[in-house]
Amino acid sequence: MTLTIPFDNSYTQLGDRFFARQSPTPVTEPSLVTVNESLAEALGIDPDALRTPHGVAVLAGNARVDGAEPIAQAYAGHQFGNFVPQLGDGRAILLGEVIDAGGVRRDIQLKGAGRTPFSRAGDGRAWLGPVLREYVVSEAMHTLGIPTTRALAAVKTGEAVVREKPYPGAVLTRVASSHIRVGTFQFFAVRGDAEAVQMLTDHVIRRHYPDADGALDLLKGVIRRQARLIAQWMGVGFIHGVMNTDNCQIAGETIDYGPCAFMDRYHPATVFSSIDRQGRYAYQNQPDIAVWNLAQLATSLLPLIDENEEAAVEAATEAVHEFGPLFRDAWLGVFRAKIGLTNAEDGDGALIGGLLDRMAEGDADFTNTFRALGSGRERDHFTDPAGWDQWAAGWHARLARDGSSEDEQKALMARSNPALIPRNHRVEELIQAAVQGDFAPFERLNRVLSDPFAVQPDAEDLQRPPQPDEEVLQTFCGT
Ligand code: AMP
Ligand code: MG
């Protein structure tokens with residue numbers, strides 16, 4: 001059985017300005033951690049062939065596979081508000097694209113596959129911890145119904161990667177509808193390369209927004225998808241951690257899982273990332289940061305929007321201002337479902353806000369509190385039960401006006417409030433175990449998260465919030 005991947009590459013046709021040709025750097029001793037069987041099949045790749053020595057060698061960057069055209073993509077980016085004109089794939093290598101079973105073009109990329117012309121001071125590598133975190137969290141986002149890049153496989157390299165100390169090296173095979181970012185547009189715009197911005201715009205419209213008519217329409221499409229995406233993040237208590245423009249994917253998928261985390265206790269100002277000292281990317285700031293990032297995209301597209309600069313700025317500004325109402329609508333849609341409402345009333349925003357305020361005051365667990373709604377045991381989640389009772393009275397009155405049956409409301413809540421998320425202390429725990437060679441906790445969390453809305457009695461321990469001594473207060477970018 002030989003591994004074949006039905007590559008059909010389009011990005012390389014854009015020409016040399018867009019990337020550097022770069023093969024992965026071979027590693028000493030590749031070994032397989034896991035293959036995502038259902039994803040492989042959807043991509044037209046035989047999972048068993050990925051498990052053969054040749055398959056594992058391909059996943060580690062040690063062997064070539066027919067049809068691959070390995071490249072490192074060029075992009076720029078605002079990192080914590082500061083513009084860096086050249087970032088690019090410093091440790092990721094795009095092997096090529098395939099058309100999946102649903103007819104969607106997907107990138108297959110090796111992350112941690114060695115140095116590239118964009119590596120700057122970096123070693124081009126990743127270690128096992130962040131590779132497993134991205135694997136688990138990105139796949140969980142997918143089963144939670146949130147647009148995201150996926151994880152096709154993880155391999156160990158047999159080499160040490162030095163961060164604060166030496167760790168086992170690993171490579172993640174990442175799948176995305178594309179790896180084009182806001183920063184990709186910025187890369188060409190800042191160089192004054194209008195032709196490349198136009199080519200990229202055409203490519204992105206063909207690939208991701210086939211109904212868009214020109215740059216302004218594309219901008220509006222990206223804004224719509226980002227508004228929806230951030231609302232979905234908010235609905236599961238997800239904090240991305242590094243919402244830089246190079247980590248803002250143009251098709252609206254969650255990308256670049258670094259120091260990301262799901263909240264346990266609800267507080268709107270929660271930050272996990274150790275490098276986010278100002279709290280720029282705190283939970284509640286995510287919609288505002290998305291606007292900021294989209295304004296950078298708008299700026300890059302200005303020359304394509306209108307020859308008259310003033311008119312271009314006016315149209316682009318108007319489009320970016322639409323994010324607020326679009327996000328508000330998407331957010332209301334997400335949270336209405338979480339509290340069992342099928343139709344809309346004017347006071348719903350205040351009702352949802354009232355619940356969140358009480359949760360914040362009482363250190364309520366975000367996931368478990370929403371999951372408990374309708375169970376009759378909601379009161380247990382609040383340190384101020386009288387406050388809950390008061391809110392619940394308004395909620396029950398609103399549910400009664402909703403026009404749906406109690407069964408419908410409960411079913412809606414059950415499919416809108418996951419029982420399971422990849423809690424940070426569990427992710428840390430599985431990383432610790434994996435570094436010791438024990439992959440059982442990784443396999444188990446992955447398996448359980450394949451159905452996060454189901455009642456899984458044997459996974460109750462994974463629903464429990466962290467004990468004070470288990471709590472992970474910071475996540476690190478030493479990826
Ligand atoms: P990130 O914070 O992962 O979004 O990465 C920001 C930039 O740093 C991207 O251009 C990455 O390719 C690059 N980068 C991150 N880690 C490494 C590494 N170990 N070696 C080379 N480049 C890296
Ligand atoms: Mg990045």
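**Exercise 1. State where ligand 1 lies relative to domain 1 (11-176) and domain 2 (182-321), and why.**

Solution. Step 1: in this predicted model, the protein is divided into domain 1 (11-176), domain 2 (182-321) and domain 3 (332-416), with bounds from an automatic or database domain assignment. Step 2: domain 1 and domain 2 both contribute residues to the shell around ligand 1, so the ligand lies between them. Step 3: the centres of domain 1 and domain 3, taken over C-alpha atoms, are 40 Å apart.

Conventions: residues are numbered from 1 along each chain as its sequence is written, and chains are lettered from A and ligands numbered from 1 in the order in which they are written. Local features need pLDDT of at least 70, side-chain atom pairs count only at pLDDT 80 or more, totals for chains, interfaces and linings use all residues, and side-chain values use heavy atoms, with hydrogens and water left out.

**Exercise 2. Describe the residues that surround ligand 1 and the polar contacts of Gly88, Asn247 and Arg163.**

Solution. Step 1: 17 residues surround the ligand (a heavy atom within 4 Å); Gly88, Gly90, Asp123, Gly124 and Asn247 are the closest. Step 2: by class, the shell has 2 nonpolar, 7 polar and 8 charged residues, where Asp, Glu, Lys and Arg count as charged and Gly is among the polar ones. Step 3: for polar contacts (N or O pairs within 3.5 Å), a backbone N or O atom of Gly88 is 2.6 Å from a ligand oxygen. A polar side-chain atom of Asn247 is 3.0 Å from an oxygen of ligand 1, and a side-chain N or O atom of Arg163 is 3.4 Å from a ligand nitrogen. Step 4: ligand 1 alone exposes 480 Å², of which the protein buries 82% (Shrake-Rupley method, 1.4 Å probe).

**Exercise 3. Give the number of cavities of 30 Å³ or more, and the residues closest to the centre of the largest cavity.**

Solution. Step 1: there are 4 such cavities (sets of points on a 1 Å grid where a 1.4 Å probe fits but cannot get out). Step 2: the largest holds about 100 Å³ of space. Step 3: 15 residues line the largest cavity, and Gln226, Trp233, Met243, Asn247 and Cys248 are the closest to its centre.

Terms used. Polar contact = N/O pair within 3.5 Å; in protein donor to acceptor, adjacent residues only side chain to side chain. 1 Å grid on protein atoms, 1.4 Å probe; cavity = no way out; pocket = protein on both sides within 12 Å on 5 of 7 lines; lining within 4 Å. Points joined across faces, edges and corners; volume = space filled by probe spheres on them.
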